[in-house]
Amino acid sequence: MNVKQAQEDVRRVYRGGFSGPLVAAVIWAAASAASQWGSPATAMAVLFFGGMLIFPLSSLVLKLMGGPASLAKGHPSIALAMQSAFTVPLGLLVAIALGAVEPSLFLPASLIIVGAHYLTFISLYGMRAYGVLAGVLVAVGAVAIFAVPALRDLSGWIGCVVLLVFAGSLFVAYRAEFQHTAALTSPALRDVGVSDVS
């Protein structure tokens with residue numbers, strides 16, 4: 001199996017990956033609410049433990065939609081997906097340590113960590129959109145830490161909105177790609193030669 005085919009499989013099975021950012025947005029909203037109306041420690045716990053639930057919950061969303069919810073056993077992209085997933089909880093340990101010293105830095109530092117982990121999705125899915133998502137999240141976190149401290153308390157909410165917007169755009173991109181592919185490969189269209197049109 002070549003890289004292009006593996007990436008197409010990942011996009012098809014995970015529906016462009018939209019469910020991950022969708023679930024992540026909910027968890028970010030919960031962590032931001034905990035930070036605003038609860039305590040920094042609660043926000044840290046919500047984001048750390050909630051982050052561990054993103055993959056199983058996003059898989060549940062895919063199952064509820066019908067169709068496959070995981071790659072076939074032995075698929076070459078499984079290892080990259082797992083390696084990428086482990087970077088977030090490990091990175092959040094650094095954000096928690098930073099937040100223990102200065103609580104206002106926890107959420108923006110976490111945005112940088114989460115954004116950086118999306119860089120591997122460019123290769124995993126073969127989608128440049130993940131580079132944009134990574135860049136936006138990292139930029140929000142960096143600006144909040146280094147340039148506009150007033151954004152620190154809002155950074156989690158901003159990250160939540162960014163994730164929601166990208167979840168929607170990723171799903172739209174998935175639908176456009178695979179509806180087009182399905183149309184070109186349907187028997188009726190093959191009979192009239194549509195499948196030969198690039």
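How far along helix 1 are Asp9 and Arg12 separated, counted in helical turns? The answer comes in point 3 below, once the overall picture of this predicted model is in place.

1. **The overall build.** Start with the secondary structure, which comes to 10 helices and zero strands. Reading from the N terminus, you meet one α element after another: α-α-α-α-α-α-α-α-α-α. The C-alpha atoms fill a box of roughly 65 × 30 × 30 Å along the principal axes. The chain has 198 residues, and 40% of them count as buried.

2. **Two salt bridges.** The structure holds two salt bridges. Helix 1 takes part in each, through Asp9 and Arg12 in one case and through Arg11 in the other. Let us take them in turn.

3. **Asp9 with Arg12.** The closest N and O atoms of this pair are 3.3 Å apart. Now for the opening question: Asp9 and Arg12 are separated by about one helical turn, because they sit three residues apart in helix 1 (residues 3-13). The surroundings of the two partners are worth a look as well. Asp9 has 9% relative accessibility and so counts as buried, while Arg12, at 37%, counts as partly exposed.

4. **Arg11 with Glu177.** Here the side chains meet with an N to O distance of 2.8 Å. Arg11 lies in helix 1 and Glu177 in helix 9 (residues 155-185), so this salt bridge ties together parts that are 166 residues apart in sequence. Arg11 counts as buried because its relative accessibility is 13%, under the 20% cut-off. Glu177 is partly exposed, with a relative accessible area of 25%.

5. **The largest pocket.** About 750 Å³ of space lies in the largest pocket. It is lined by 32 residues, and the closest to its centre are Ile54, Phe55, Ala81, Ala85 and Phe121. Several helices each supply at least two lining residues, among them helix 2 (19-37), helix 3 (40-52) and helix 4 (54-65). Helix 5 gives the most, with nine residues. What kinds of residue make up the lining of the largest pocket? The residues divide into 24 nonpolar, eight polar and no charged.

6. **A nonpolar patch on the surface.** Take a look at the outside too: Ile78, Met82, Phe86, Leu90 and Leu93 make a nonpolar surface patch of about 480 Å². Leu90, one of these residues, lies in helix 5 (residues 78-101). Is Leu90 buried or exposed? Leu90 counts as exposed, because its relative accessibility is 57% and the cut-off for exposed is over 50%.

Methods:
Residues are numbered from 1 along each chain as its sequence is written. This is a predicted model: local features need pLDDT of at least 70, side-chain atom pairs count only at pLDDT 80 or more; totals for chains, interfaces and linings use all residues. Side-chain values use heavy atoms; hydrogens and water are left out. Patches are made of residues with over 30% relative accessible area and no salt bridge: like charges are joined within 9 Å, nonpolar side chains (Val, Leu, Ile, Met, Phe, Trp, Tyr) within 5 Å. Accessible areas come from the Shrake-Rupley method with a 1.4 Å probe; for residues, only the protein chains shown count as cover. A salt bridge is a side-chain nitrogen of Lys or Arg within 4 Å of a carboxyl oxygen of Asp or Glu. Helices (H or I, at least four residues) and strands (E, at least two) are DSSP runs, numbered from the N terminus. Buried means under 20% relative accessible area, exposed over 50%, partly exposed in between (1.4 Å probe, protein chains only). On a 1 Å grid over the protein atoms alone, a cavity is a set of points where a 1.4 Å probe fits but cannot get out, and a pocket is an open set with protein on both sides within 12 Å along at least five of seven lines; lining residues have an atom within 4 Å of a point. Grid points are joined across faces, edges and corners, and a volume is the space filled by probe spheres set on the points. Ala, Val, Leu, Ile, Met, Phe, Trp, Tyr, Cys and Pro count as nonpolar, Asp, Glu, Lys and Arg as charged, and the others, Gly among them, as polar.
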